[in-house]
Amino acid sequence: MLELTAEQIRMGQSAADKSQALRLMASTLETDGLVAPGYLAGLEAREAQGSTYLGQGIAIPHGTPETRDQVFTTGVRLLQFPEGVDWGDSQQVYLAIGIAARSDEHLHLLQLLTRALGEADLGEALRQADSAERIIQLLQGAPQELALDAQLVGLGLAVDDFDELLWQGAHLLKRADCADSGFAAKLQQTEPLPLGDGLWWLHSEQAVKRPGLAFVTPEKAIVHQGQPLTGLFCLASLGEAHRALLERLCALLIEGRGQVFSQATSQRAVLEALGGELPVDWPSVRVPLANPHGLHARPANVLTHLAKSFDGEIRVRIADSGATAVSAKSLSKLLSLGARRGQVLEFLAEPSIAADALPALQAAVEEGLGEEIEPLPAAGEGETFESPAEAPVAPAAGSILPAIAASPGIAIGPAYVRVAQRFEYPQRGESPAAERDRLGSALTEVRDEITGLIQRSESKTIREIFVTHLEMLDDPALSEDVAARLQQGESAEAAWAAVIEAAASQQEGLHDALLAERAADLRDVGRRVLAQLCDVEAAVEPDEPYILVMDEVGPSDVARLDRARVAGILTARGGATAHSAIVARTLGIPALVGAGPAVLALAPRTLLLLDAEHGRLHVAPDANALRRAEQARSEREQRLRAAQAQRLEPARTRDGHELEVCANLGDTKGVTAAVEQGADGVGLLRSEFVFMAHAQAPDQATQEAEYRHVLDVLAGRPLVVRTLDVGGDKPLPYWPIPEEANPYLGLRGIRLCLQRPQVLETQLRALLSAAGERPLRIMFPMVGSIEEWRQARDMALRLREEIPVTDLQLGIMVEVPSAALLAPVLAREVDFFSVGTNDLTQYTLAIDRGHPTLSAQADGLHPAVLQLIDMTVRAAHAHGKWVGVCGELAADPHAVPLLVGLGVDELSVSARSIAEVKARVRELTLAEARTLAQRALELPSATEVRALLEVR
Ligand code: PEP
Ligand code: MG
């Protein structure tokens, strides 16, 4: 890394003009062996492209990319011009810093210099400096600003005493790069100062990297030295940077406004009171920087010029660095980022200019900001991107975040944030005996903890999961491996973590869904023990019903939830048609997904209002918002009660048009509840669940019994069965499929079954045998071509010759755009279509329905999807065939009028949604719905379609 030294500086130089100064600089660099003689041409060419004047009497002449190969060694030379040199535009330069750079090593130096640029009168001081040491002092010694932003404020932390709170404060300062690891210990050696109102002050000048102030509060009241402790200020002190802040704080305390801090519930309030950097909530865009030498002066200059062309504020930071964003209009601030190739820049722009500014900035960075750039390698391919270091800042109290409503309803409760914990521990232990003892005690604690969970849980499934966890703790194979590692001197944590991870990876490697789940269980148990060993407190499940906050929730996570304790689900990532969302809907738990990573930073127990009716999350809502939500919730409950009372009545519009509302079933047992909920039939039996419930492919008799049960309970109502649909995100443990690069575009649904016709034939036989005289509709999933349909149909018709059934219809699921586009042809041959909007949306928009960040955009109300449904309905009706919709869109109350208006004949939804969907149909007239659908078809985006439906 380049550092400034006195040898690099030539004092008292003079030059008549800029070109003479450049010649002097080139010869100095050359004499000192840094560059070849031709470098002057590079300096001149660079100056011709744009002045290198930086501000405050400093210029940074340097070569062009073409003259980089004339650099022998990266280095700098500084020439002081006490009389000044005109650098163009009447800018007087008193210090020229010539840079010879082969790579981006000089960026650090620039970063350092730019800190000095904020100083008033620096130019004058440089001019008057009488020694090289003074120049260095001026450049380096400029007081640094006190860091104080949202990442330095931690509220409601789960701590038990003063020391723990101190460690948290020190941790925030370390994370913000203000302090070194030893800082906490230094703080501990100082005497804390009580400030009144339960507030305390601590500071240290040791182990400090840059000045910063952290403020932390405990979750519950603590007493320290006989006095209350409600908040602690920890200062990493360097020079005078904190003086203004201290004065401000004193003034507030004297005015008796200490409770701003002692009772603070939002980071914003604390920062506002202290005059800290407030987080901005502006539209943003992220762009990886591909410039070979990072954001050095020239590209930074191009960027500032562009930023200045917009009439509003634009800030930029290195994404996920936790640092405060700086103005993109300031060259020195931009250079102070020290951004390197591969790092991602995040631009934030004032809302009034964001729509124009952000795309322009993105394009400019992508095009190289005036430099030739090589594309960045994909992540994991050699060069690495900066790891997304710290969790983002939690949304402030009172804020409202948009998110995708994945399961309807309104839920209110404290946040229970479940994120992967990090554990830090030494690799080597004290002694094998001591480590064995530590592990033994940790295991005992965890056993007690889990036994308590088993005793408290009312759900059998959950009890079973924890019983398995207990067994894992006592697994002799694990204990032996751990003992062997301890014997070799590993610490208890290292040995335990390594053995658990090895066992879990081994299970996963077998590519079996059930064993993969076991791997997740193993890691779960593993984390519990590690938390115990490292003394890290696991987030405690609130006693009252809570909002579960997670990064992403897998279907098995949702299926394990205790309905009585989980009032709502909130995820940072995910979309509405992921299978986890479907399970949430089946369980009737309101869910918002794709709310963004900030929700993972929510303080434990933050009150949340999850409005999955409108797709909005209210963080720490005020009394008014809560009242309105309670009211909306009770209105909804009232509506649902009324709908429930009429659930057995047909769904008929006000002008007499009748639709069938049927149930989607994930297992055959659910049919009783479906009929009880008013289902006019079963519109989608996901038959793969019959297969998944068995350890090997169920034979004909086993399947027949399952289907017969459904038909019996339906008592004459129609049953639509989808034949086995596995592959993609739904693997069958006993039907291994070779690994595919794109499983969703690979062997799925009917494609797979046609490769194993025996499996399909057995299923069809079981279905036909179970039906007898009852109405049976069979449909094939993922049909994309007429040949697939014909092969499957021919098999069913051949079997029907053998096994007579009276009321059989054969159809296809419209899930692949090609099927919808072929509908006019297919409609001649099929008896019906059922539109699977989940997959149809995925394939139309080319967005993986389970994609962690994109799936939120996979909206079935996208006009492109609506067009395909419209085509399908028109084609079917032209041939007298019927069309159902069995994807999640059918249960979206906003979408129902549209689907009715498009002419869909049947809606198939989870049993819980039947009454509500029927009630929604009864509110409409077909004529109005048709007009609405026609308007929606003409709109350009899902957002506009949703807006059209919202206003109604
Ligand atoms: C669909 O794709 O819309 C559908 C109903 O099938 P699944 O969700 O089971 O893939
Ligand atoms: Mg599907």
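**Ligand and metal sites in the predicted model**

A polar side-chain atom of Glu815 sits 2.9 Å from an oxygen atom of ligand 1. The structure is a predicted model. Two further polar contacts hold ligand 1 oxygen atoms at 2.8 Å. One involves a polar backbone atom of Asn838. The other involves an N or O atom in the side chain of Arg849. On its own, ligand 1 has 290 Å² of accessible area, and the protein covers 100% of this area. Two elements give two or more residues each to the surrounding shell: strand β27 (682-686) and helix α30 (837-845). Helix α30 contributes the most, with three residues.

The shell around ligand 1 comprises 14 residues. Arg686, Arg722, Gly836, Asn838 and Arg849 are the closest. By class, six residues of the shell are charged, five are polar and three are nonpolar.

Glu815 also takes part in the metal site. The magnesium ion, ligand 2, has Glu815 (OE) and Asp839 (OD) as its protein donors, at 2.0 Å. Glu815 is in the loop between β30 (808-814) and α28 (817-821), while Asp839 belongs to helix α30; the pair therefore ties together parts that are 24 residues apart in sequence. Both donors are shielded by the protein. Glu815 has 2% relative accessibility, under the 20% limit, so Glu815 counts as buried. Asp839 also has 2% relative accessibility and, because this is under 20%, counts as buried.

Helix α30 thus recurs in both sites. Helix α30 gives three residues to the shell around ligand 1, and Asp839 of this helix is a magnesium donor. Glu815 recurs as well. The side chain of Glu815 contacts an oxygen atom of ligand 1, and its OE is a donor to the magnesium ion.

A buried polar residue was examined next. Ser908 is located in strand β33 (residues 906-910). Its relative accessible area is 0%, so Ser908 is buried. The side chain of Ser908 has two polar partners in the backbone, listed here in turn. A polar atom of this side chain lies 3.3 Å from the backbone oxygen of Ala663. The Ser908 side chain also reaches the backbone nitrogen of Gly683, at 3.4 Å. Gly683 falls within the range of β27 (682-686), one of the elements that give two or more residues to the shell around ligand 1.

Helix α14 covers residues 432-456, 25 residues in total. From its first C-alpha to its last, α14 reaches 36 Å. This is close to the 36 Å expected at 1.5 Å a residue. Buried positions in α14 include Leu439, Leu443, Val446, Ile450 and Leu453. Glu435 and Gly452 of α14 are buried too.

Backbone geometry was considered last. Most residues other than glycine have a negative phi. Asp89 has a positive phi, near 50°, and is not a glycine. Asp89 lies in the loop between β4 (75-86) and β5 (92-100). With a relative accessible area of 71%, over the 50% limit, Asp89 is exposed. Arg605, likewise not a glycine, has a positive phi of about 70°. The loop between β22 (591-593) and β23 (607-611) holds Arg605. Arg605 is partly exposed, because its relative accessible area of 40% falls between 20% and 50%.

Notes: Residues numbered from 1 in each chain as written. Chains lettered and ligands numbered in written order. Predicted model: local features only at pLDDT ≥ 70, side-chain atom pairs only at ≥ 80, totals over all residues. Heavy atoms only, no water. Near = heavy atom within 4 Å. Polar contact = N/O pair within 3.5 Å; in protein donor to acceptor, adjacent residues only side chain to side chain. Areas by Shrake-Rupley, 256 points an atom, 1.4 Å probe, with all protein chains shown as cover. Helix = DSSP H or I, 4+ residues; strand = E, 2+ residues; numbered from the N terminus. Nonpolar A, V, L, I, M, F, W, Y, C, P; charged D, E, K, R; others polar. Expected span 1.5 Å × (residues − 1). Buried < 20%, exposed > 50% of the residue type's maximum accessible area, 1.4 Å probe, protein only. Donors = N, O, S within 2.8 Å, 3.2 Å for Na, K, Ca; no water.
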